[in-house]
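The following note is offered to a colleague who is meeting this structure for the first time. Please read the numbered points with the sequence and the model at hand.

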Amino acid sequence: MNLIHRIEHWGNVHHPQWIDYLRIALGIMIFAKGVTFVNDRQVVEHMIEQSSFHLSVWGAVHYVVFTHLVGGLFLILGFQTRLASLLLLPVLVGAVFLLISPMVLVM
C-alpha cells in the first residue's frame with residue numbers, strides 16, 4: 001500500500017457520517033427553496049427591489065434561483081460541494097442583510 005492509499009483509507013475510516021446527513025439535509029432545504037422561488041418569482045423580485053442593494057433585479061433573481069437549484073442539487077449529491085457553497089455564499093449573506101436591516105431600522 002503506498003502513501004496515497006493509506007491516506008485515503010484513513011480518511012474513509014475517520015469520516016463522521018453525520019456530516020453527510022447534515023450536508024444532504026441542507027441541500028434538500030436549499031433545493032426546495034429554489035423550487036419555491038421558481039413557482040413564485042414575483043416574491044423574489046419584490047424582496048430584491050426592497051433591499052438597499054443596487055442590482056439588476058432580473059439578473060439577481062436569476063442568480064438566486066440558479067444557485068439555489070444547482071447548489072442544492074450539488075450539495076445533495078456531494079458533487080463539487082465547495083464550489084456550490086462558494087456560489088451560495090453571496091446569496092446567503094444577502095439574505096442575512098435583507099432580513100436583519102429592516103429589523104435594525106425598526107428598533
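1. The side chain of Thr67 comes to 2.9 Å from the backbone oxygen of Tyr63. The model examined here is a predicted one, and the values in this note are to be read accordingly.

2. A polar atom of the Thr67 side chain also lies 3.1 Å from the backbone oxygen of Val64. Thr67 itself belongs to helix 4, which covers residues 57–77.

3. Is Thr67 buried or exposed? Thr67 counts as buried because its relative accessible area is 1%, and the cut-off for buried is under 20%. Leaving aside residues up to four places away in sequence, Thr67 is in contact with Gly72, Leu87, Leu88 and Val91.

4. A pocket should be considered next. The second largest pocket has a volume of about 170 Å³. Its lining consists of Leu22, Arg23, Leu26, Ile30, Leu75, Thr81, Ser85, Leu88 and Leu92. Leu88, one of the residues touched by Thr67, is thus listed among these lining residues.

5. Which helices each supply at least two residues of this lining? They are helix 2 and helix 5, the latter spanning 81–106. By class, the lining comprises six nonpolar, two polar and one charged residues.

6. Asp20 is located in helix 2, residues 17–39. Asp20 is described as partly exposed because its relative accessible area is 24%, a value that falls between the limits of 20% and 50%. The C-alpha atoms of Asp20 and Leu75 are 9.6 Å apart, although 55 residues separate the two along the chain. Leu75 is one of the residues that line the second largest pocket.

Note on methods. Residues numbered from 1 in each chain as written. Predicted model: local features only at pLDDT ≥ 70, side-chain atom pairs only at ≥ 80, totals over all residues. Heavy atoms only, no water. Helix = DSSP H or I, 4+ residues; strand = E, 2+ residues; numbered from the N terminus. Buried < 20%, exposed > 50% of the residue type's maximum accessible area, 1.4 Å probe, protein only. Polar contact = N/O pair within 3.5 Å; in protein donor to acceptor, adjacent residues only side chain to side chain. Contact = heavy atoms within 4.5 Å. 1 Å grid on protein atoms, 1.4 Å probe; cavity = no way out; pocket = protein on both sides within 12 Å on 5 of 7 lines; lining within 4 Å. Points joined across faces, edges and corners; volume = space filled by probe spheres on them. Nonpolar A, V, L, I, M, F, W, Y, C, P; charged D, E, K, R; others polar.
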